[in-house]
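Here is a short briefing to read alongside the structure. Have the viewer open, and take the bullets in any order you like.

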Amino acid sequence: MSAGLHKLEAMARGYALAAVRADREGRIQEAISNYKKAIDILGKIVRLYPDNPLAHVYRGIIQQYRRRVEQLEKLGVPASPAEAEQLEDWIVTERPRVRFSDIADLEHAKQAIKEAIIYPVRRPDLFPLGWPRGILLFGPPGCGKTMLAAAVANEVDGVFFNVDAASIMSKWLGDAEKRVRMLFEKAREAARGGRPAIIFIDEIDALLGVHESEVGGEVRVRNQFLKEMDGLQDKSSKLHVYVIGATNKPWKLDEPFIRRFQKRIYIPPPDRRARLELFKLYTRGLRLTPDVDLEKLADMTEGYSASDIKDIVMEAHLRTVRELFERQGGQGEPRPLTMEDFVESIRSRRPSITREMIEAYEKWYERFRG
Ligand SMILES: Nc1ncnc2c1ncn2[C@@H]1O[C@H](COP(=O)(O)OP(=O)(O)OP(=O)(O)O)[C@@H](O)[C@H]1O
């Protein structure tokens, strides 16, 4: 790395930290002025070193700081009350309706997650040695990670905290750390109230941030997260708080992170049998002509994710609805779906999962099986 770049980054870091500190302590003018200086220098770095691998991160930080400066200039009052409201906003607690029976295939994953969460919630006395609080679901996008987490929360009548790591990280630095603390505090509160808390964090790899020459903040978020995870695992803790992390890029996680997720479950792309099940599931309420051969469709869709298959069926159905509108002005019922509707729909989209991706997941699992 060039000495010039290094120096600029150190300067930006200095201003950023001063800005965040002043912001936290309600010294608005000082915060604004330091944010602006950090923005200037980061802007310079991006202009002078556009190929720097961190350039896109810096652009994101510039955006966040600009927004924060705008807010501060508008507010003209200390940040704390507004901040508190925003902290509430980004945590989505919901009562999921998904059940295990809505999820096609993935029997081994369902079983593993039952053993990791549902059994200990129902009979903690059967687990004198404790049980895992961190569960990592990894695998290609669109194959059911979120659905599984939601189904578990539903099954144990838990409170489901659904957050994505990017939104934890997205605000100005300094705040993210607080968000992590608050998330766990809210989860413990729910658990103390008698309901298990399931924290689902999508794209958990984003919590690690960028290690090298960061402007500040990410390392603290990561450490805070690890600390919270250790707190859950503490033998004396009887609270039912679970963290389910999901990632498409498990190889981005480092060892201390992986260690906190004692249970690691691979959510693979659907094989032929699972694809057939998915086609059956998603065509259940639709009228099909007798030539539609779901077995053949399952053969044709190797490399397609569960979510792709749902989209294929939706697109095939949309063809009939489109026709109804174009030919009959939307009157009457659409015709039944034909094999051609499905074949055309498959042709119009590429499979989202490649052989190389699957190999990379399997290789990672070999190493970190848990
Ligand atoms: N096993 C499955 N059975 C039935 N539907 C599925 C399954 N997996 C995925 N789907 C469908 O695809 C959609 C996306 O799936 P989901 O969000 O669970 O995937 P994900 O693995 O969490 O993906 P990402 O990594 O992109 O977050 C679901 O809402 C559902 O409609």
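**Domains and one helix pair**

The domain assignment splits the chain into domain 1 (3-79), domain 2 (90-269) and domain 3 (272-352). Please keep in mind that this is a predicted model. The bullets below start with the whole chain, then turn to a domain contact and a helix contact.

**The chain overall**
- The chain holds 15 helices and 6 strands.
- Of its 370 residues, 38% are buried.
- Among contacts in the chain with a separation of 6 or more, 80% come from residues 24 or more positions apart.

**Domain 2 and domain 3**
- Between the C-alpha centres of domain 2 and domain 3 there are 34 Å.
- Their contact involves 8 residues from domain 2 and 9 residues from domain 3.
- On the domain 2 side of this contact, the classes are 5 nonpolar, 2 polar and 1 charged residues.

**Helices α11 and α13**
- Helix α11 covers residues 272-283 and helix α13 covers residues 306-328; their axes come within 10 Å and cross at roughly 40°.
- That angle falls outside the roughly parallel range, which is under 35 degrees, and below the roughly perpendicular range of 65 to 115, so α11 is oblique to α13.
- The crossing of α11 past α13 is right-handed.
- From α11, the contact uses R275, L278, F279, Y282 and T283.
- From α13, the partners are A306, I309, K310 and V313.
- Sorted by class, this α11 and α13 contact has 6 nonpolar, 1 polar and 2 charged residues.

Terms used. Residues are numbered from 1 along each chain as its sequence is written. This is a predicted model: local features need pLDDT of at least 70, side-chain atom pairs count only at pLDDT 80 or more; totals for chains, interfaces and linings use all residues. Axes are lines fitted to C-alpha atoms, for helices over the stretch in contact, and angles run from 0 to 180 degrees between N-to-C directions. Helices (H or I, at least four residues) and strands (E, at least two) are DSSP runs, numbered from the N terminus. Angles under 35 degrees count as roughly parallel, over 145 as roughly antiparallel, 65 to 115 as roughly perpendicular and the rest as oblique. A crossing is left-handed if the near helix is turned anticlockwise from the far one by less than a right angle, and right-handed if clockwise. Two residues are in contact if their C-beta atoms, placed from the backbone, lie within 7 Å. Ala, Val, Leu, Ile, Met, Phe, Trp, Tyr, Cys and Pro count as nonpolar, Asp, Glu, Lys and Arg as charged, and the others, Gly among them, as polar. Domain bounds come from an automatic or database domain assignment. A residue is buried if 20 or more other C-beta atoms lie within 10 Å of its own, exposed if 12 or fewer, and partly exposed in between; C-beta atoms are placed from the backbone.
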